[in-house]
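Please examine the following structure with its sequence at hand. The report below treats selected features in turn.

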Amino acid sequence: MRRVPAGRRPFDWLRRRARWATTALAALTLVGGTALTATGSAAAAPRAWTPKPSPMTTPWTNQVPVDNPLPEYPRPQLTRPDWANLNGIWDFAVTSADAGQPATFTEQIRVPFAAESALSGIQRKVTQNDKLWYKRTFTVPSNWNGRRVQLNFGASDWRTTVWVNGRQAGATHSGGYDAFSYDVTDLLAGGTNTIVVSVWDPTETGTQAIGKQRIRDVAPHPGGGILYTAASGIWQTVWLEPTASAYVSRLDMVPDLANNRLKVIVRGTGTNGHQARVTVSTGGNTIGTATGPVGTEFTVPVPNPHLWTPEDPFLYDVKADLLSGGTTVDSVGSYTGMRSIGIARVDGTLRPVLNGKFVFQTGTLDQGYWPDGIYTAPTDAALRHDLQKHKDLGFNMVRKHIKVEPQRWFYWADRLGLLVWQDMPSMERTPDAAARTQWEAEYDRIIDQHRSSPSLVMWVNQNEGWGQYDQARLADKVKAYDPSRLVDNMSGVNCCGAVDGGNGDVVDHHVYVGPGTTVPSATRAAVLGEFGGLGFKVAGHEWYPGGGFSYEDQSDLAHLNNRFVGLIDAIREVRMPRGLSASVYTEITDVENEVNGLLTYDRQVVKVDEARVRAANQALINASRGSTAPITLPTNQYKSLRVTTPGYTDRYVRHRDGAAFTDVVGSGSDALLKNDATWKIVPGLANSSCYSFESRNYPGEYLRHREYRVYKEPGSGDLYRADATFCPVPAANGGVRLSAYNFPEQYLRHYNAELWLATPGGTHTWDNPSLFTEDTTWAVEAPWAP
């Protein structure tokens, strides 16, 4: 244990120990709170414990310490210098679900890794019929004398009961994703103390939030779909911390850019009559300070704030002192980023705005699973890695998908500069009254624990109708509870039986492969909560070799790269100008039998060309900062569409026997050919912001695609109107490219004189990458038959 040197204030020591930088607070390792040495059987022979073989080895699998895994301070936005890490080897036992404490603990487990994981050393299936038991001993450092001792759990899934020296510490905790604590001071003995923890986790057989966890064989196996191995028991850091009798328990911070200030609420325990002082600083220089009552909002001035953005994730240091009269009785360190998030009209379209400006949010679906630790990253470097890869690939956003990560994950998102959409983990089925109460209470606690993170910009309540209920009420409830952020009432309202609550800040569609045609409403911005799912299996890096699946398999890496970049380009060229404001690609890594990751599940291979993906994402972000209005074509006028491919510029789009071709047309051509090569441009049959092309000599018949081939045909119904609608995007040579309204990533192309819908990275003959851009670029010219 570290002791605060005499004559130094606790926060000053903390600042020196952590070497906090002006904008990043360094890495906040704070490993001065080293693991306490256990004095019970778990410490008697720690080398007898070994991890189980992992089905896949990440770069960090073999870097996990036996006795002190994840040694970093686990709560970066509420830090104290004295603490003791209880991660490491604990005694372990499994009993029936209704049994009491076992007489003996015959196994050992490495905390905080779930019992199903290889890194725990247990690695076996846990069912609703099992109860997990943990046990270890510790001695409170002598320099903690006279202070209260708090026992903290980052997370434990699901129903957790704790005893210290045979006496229960507070109430049983129910929840798998939120942190919880006990004041164990009055339960401590003078020397050696024993902690016993029991955890019961019914996973999908229960009614609680579980996300994508399901009871599964822990060895790789075929199938599994989009659901994965469960993670039962303690899965985040356990630690002890001394506090005064009156202490700060939470620090809520909301930037107020309009008034150049930080709104704060310092919450505490045993703080009747106390005041709080909050100081904002950078580089050791005080920016602003203010004092106010504990539990009540007050403001700290932050003049000319340095704004937090993904490109410049500037962080201020924050210190909160608890005052009793003129005496400081507790101090905590923290940080904040000055940024705002909201919804506003930009060029007439409702968009999310960061610091008052629209920037397209391009991100991935991040499941947060690991082949060695399942729910728990093996090391802090591993936890950072996936977020850093988002940055390397040019993304500025990440959707944390129906899982809630440790607070250090949010710290890395804050520091690296990624906008976070945070899902509330879903339930397996429509809940009863008791399950609803539990789910909403856990959601409130999750919001409380992460409400000060600058990276977190949107709460996603429910997903594709899983366990759905009261969609509109919940969206209003979350918005009222945290009005500083956006709320998504349902991600994937168009999918899988989901019911749209009709409210919240965004309308969110899932389209595979996409990108689809999501459009804003009068009250909500349009986002694409999931799309993509392009798959590629990397030999030697498959969780279950041969068992992988995706939404669209790619034959080779060239097709994967072309297809992915084509999707991003379609969003930039077609969908963003028509109102789309954000997109979430599925997904950053493979997960078990899903092979649609940009990286393999073991994080050993980046499948895509990083430079190309980064450039495509940057072009999308840059485009959103300029004019986002779509280009226009002349309507209700006759025009002809000329090929711009070098060597073929005398050819025009024409119809013949119902099919569409290109043909050479000149002044000497006959009248029939000139009529066949003339089209009336009208507002799009499916969407008036795009266009349809009506035949000159067959009024009521339009260019439409069917099974990729393009025809001149009559028709009716929604499908026909969508197939007959094309959206123009500007081309480099002054021409236009025509994207299919209902397949924005597919473009009108001439190939061997025939007209097709062609896909960048597609596998058909007409998708050939040679001259793809030239063949899909058209000149809109005077009609051959006015």
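Is Asn-622 buried, partly exposed or exposed?

## A residue of helix H8

The model discussed here is predicted. Asn-622 has a relative accessible area of 43%. Because buried means under 20% and exposed means over 50%, Asn-622 counts as partly exposed.

Asn-622 belongs to helix H8. Its C-alpha atom is separated by 8.1 Å from that of Val-359, although the two residues are 263 residues apart along the chain.

## Helix H3

Helix H3 covers residues 380-392, which makes 13 residues. At 1.5 Å a residue, H3 should span 18 Å, and the expected span is taken as 1.5 Å times one less than the number of residues. The end C-alpha atoms of H3 are 18 Å apart, so the model agrees with the expectation. H3 nevertheless bends by about 30 degrees at Asp-386.

Asp-386 is also one of the buried residues of H3. The others are Asp-380, Ala-382, Leu-383, His-385, Leu-387, Lys-389 and His-390. The buried residues of H3 pack against two strands, S26 (361-366) and S27 (397-400), and two helices, H4 (407-416) and H8 (610-624).

## The largest pocket

The largest pocket has a volume of about 640 Å³. Its lining consists of 31 residues, and those nearest its centre are Arg-75, Leu-78, Ser-181, Ser-249 and Arg-250. By class, the lining divides into 9 nonpolar, 12 polar and 10 charged residues.

Several elements each supply at least two residues of this lining, among them strand S5 (148-153), strand S10 (180-183) and helix H5 (433-450). Strand S16 (247-256) is also in this group, and S16 gives the most to the lining, with 6 residues.

## Features of the backbone

Two cis peptide bonds deserve attention. One joins Val-111 and Pro-112, with omega of about 15 degrees; Pro-112 lies in the loop between strand S3 (107-111) and strand S4 (130-139). Another runs from Asp-157 to Trp-158, with omega near 20 degrees. Trp-158 lies in the loop between strand S6 (156-157) and strand S7 (159-164).

Positive phi values are found in residues other than glycine. Phi of Ile-374 is near 60 degrees, and Ile-374 lies in the loop between S26 and H3. With a relative accessible area of 6%, Ile-374 is buried. Phi of Ala-753 is near 70 degrees, and Ala-753 lies in the loop between strand S45 (743-751) and strand S46 (754-758). Ala-753 counts as partly exposed, at 26% relative accessibility.

Note on methods. Residues are numbered from 1 along each chain as its sequence is written. This is a predicted model: local features need pLDDT of at least 70, side-chain atom pairs count only at pLDDT 80 or more; totals for chains, interfaces and linings use all residues. Side-chain values use heavy atoms; hydrogens and water are left out. On a 1 Å grid over the protein atoms alone, a cavity is a set of points where a 1.4 Å probe fits but cannot get out, and a pocket is an open set with protein on both sides within 12 Å along at least five of seven lines; lining residues have an atom within 4 Å of a point. Grid points are joined across faces, edges and corners, and a volume is the space filled by probe spheres set on the points. Helices (H or I, at least four residues) and strands (E, at least two) are DSSP runs, numbered from the N terminus. Ala, Val, Leu, Ile, Met, Phe, Trp, Tyr, Cys and Pro count as nonpolar, Asp, Glu, Lys and Arg as charged, and the others, Gly among them, as polar. The bend at a residue is the angle between axes fitted to the seven residues ending there and the seven starting there. Buried means under 20% relative accessible area, exposed over 50%, partly exposed in between (1.4 Å probe, protein chains only). Contact means heavy atoms within 4.5 Å.
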